[in-house]
Amino acid sequence: MDTLKEAATKHQTNRIETNFSHVQNVIVGSNKIALQRGCEKAQELGYYPLIMSSGIHGEAKDLADAYCNLSMLIGLLMQYRKSVSSYKGIELKLLDSINILSKFGVSKSFGGHLLEYIPSADKPLCLLVGGEPTVTLKGNGKGGRNQELALAAAVHWQTKSVEDLACSNTLTAGDRVKTGCQMVLLSAGTDGQDGPTDAAGAIAYPSLCNEARNLHPQEFLDNNDSYSFYSTFNDGMYLIKTGLTGTNVMDIHIMLFSPNTSQ
């Protein structure tokens, strides 16, 4: 064995390449490219697109909570953008929310771009995020990080109020963000398979858990059983099933906001 190791080491040493001018590396697909194409499609559909990050990470449930805080504050800013005193207070909370999201990989400069859009909000907003969060398994259910993130977002939306966002000094306590804008979240894997399931991901929106209250969504979430929940709720309508795509550039999260025309 020693003779073989010595011969292999000598062979490798003699073949060390120092000139790589003949080598060309071409990136034909990446998460960043996927997000850029998503922006282009969003623009075609009339949205104002913003990329938050192509390197998102962290616990899926915690990220979902941060997404919900951000989305509710965006809704409040859209609702109160004509009230200077209320707007300024919510704006500060929004920047705090983005600072928290920076721990998950979101650029702090995203806040400035977002605040440029909100005062006019003449188009619906599309936020795009890429990367791969993780899931700490505590139950024995079936699902994947994208379906778990979507279900966690729906659960957080159901329970949060203005008081949770510490905006009660600015706004009426107990307000719910249902009039500023309509919002929806999609979380899906670009390979078409989320965990050991036939789904790429799932969709969530603020009233989902209220509509599914007889299913007790929190129990599914606690059991890491997001696939079973989404398969049961509305006969699987909000599961994303694309089939295997033949590529994998991590996950894509999309949040859509449509301002109410009355605001």
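Start with the sheet. Select strands S1 to S6: they form an open sheet of 6 strands in the order S1-S2-S6-S3-S4-S5, with mixed pairing. Helices (H or I, at least four residues) and strands (E, at least two) are DSSP runs, numbered from the N terminus. Two strands pair if DSSP finds at least two bridges between them. Strand S1 (48–56) and S5 are the edge strands, and each pairs on one side only.

This is a predicted model, where local features need pLDDT of at least 70, side-chain atom pairs count only at pLDDT 80 or more, and totals for chains, interfaces and linings use all residues. Residues are numbered from 1 along each chain as its sequence is written, and side-chain values use heavy atoms, with hydrogens and water left out.

**Strand S6 and its partners**

Select residues 251–259, strand S6, and add S2, residues 125–131. S2 and S6 pair in the antiparallel sense over 7 bridges. Which residue of S6 is the bridge partner of Leu 125? It is Phe 257. Further along, Val 129 stands opposite His 253 in S6.

Now add S3, residues 181–189. S3 pairs with S6 in the antiparallel sense too, over 9 bridges. Look for Gly 189, which stands opposite Asp 251 in S6. Strands of a sheet pair through backbone hydrogen bonds, either parallel or antiparallel.

**Helices on the sheet**

Next, select H3. H3 lies across S1, S2, S3 and S6, and runs at about 20 degrees to S6. Then select H6. H6 packs on the sheet and touches S3, strand S4 (201–204), S5 and S6. The direction of H6 makes about 15 degrees with that of S4. Axes are lines fitted to C-alpha atoms, for helices over the stretch in contact, and angles run from 0 to 180 degrees between N-to-C directions. Contact means heavy atoms within 4.5 Å.

**H3 against H6**

Show H3 (residues 60–79) with H6 (residues 145–159). They pack at an angle of about 45 degrees, with their axes 8 Å apart. That makes H3 oblique to H6. Angles under 35 degrees count as roughly parallel, over 145 as roughly antiparallel, 65 to 115 as roughly perpendicular and the rest as oblique. The crossing is right-handed: the near helix is turned clockwise from the far one by less than a right angle.

Show side chains. Residues in H3 that meet H6 include Leu 63, Tyr 67 and Met 72. Among those on the H6 side are Leu 149, His 156 and Trp 157. The contact residues divide into 10 nonpolar, 2 polar and 4 charged. Ala, Val, Leu, Ile, Met, Phe, Trp, Tyr, Cys and Pro count as nonpolar, Asp, Glu, Lys and Arg as charged, and the others, Gly among them, as polar.

**H3 against H5**

Keep H3 and add H5, residues 110–117. Their axes come within 11 Å and cross at roughly 30 degrees, so H3 and H5 are roughly parallel to each other. Leu 70, Ile 74, Leu 77 and Met 78 of H3 make the contact with Phe 110, Leu 114, Leu 115 and Tyr 117 of H5. By class, there are 8 nonpolar, no polar and no charged residues.

**Two loop residues**

Finish in the loops. Select His 216, between helix H7 (208–211) and helix H8 (217–222). Its phi is near 60 degrees, a positive value in a residue other than glycine. Is His 216 buried or exposed? His 216 is partly exposed, with a relative accessible area of 44%. Buried means under 20% relative accessible area, exposed over 50%, partly exposed in between (1.4 Å probe, protein chains only).

Last, select Asn 234, in the loop between helix H9 (226–232) and strand S5 (239–240). Asn 234 has a positive phi of about 50 degrees, although it is not a glycine.
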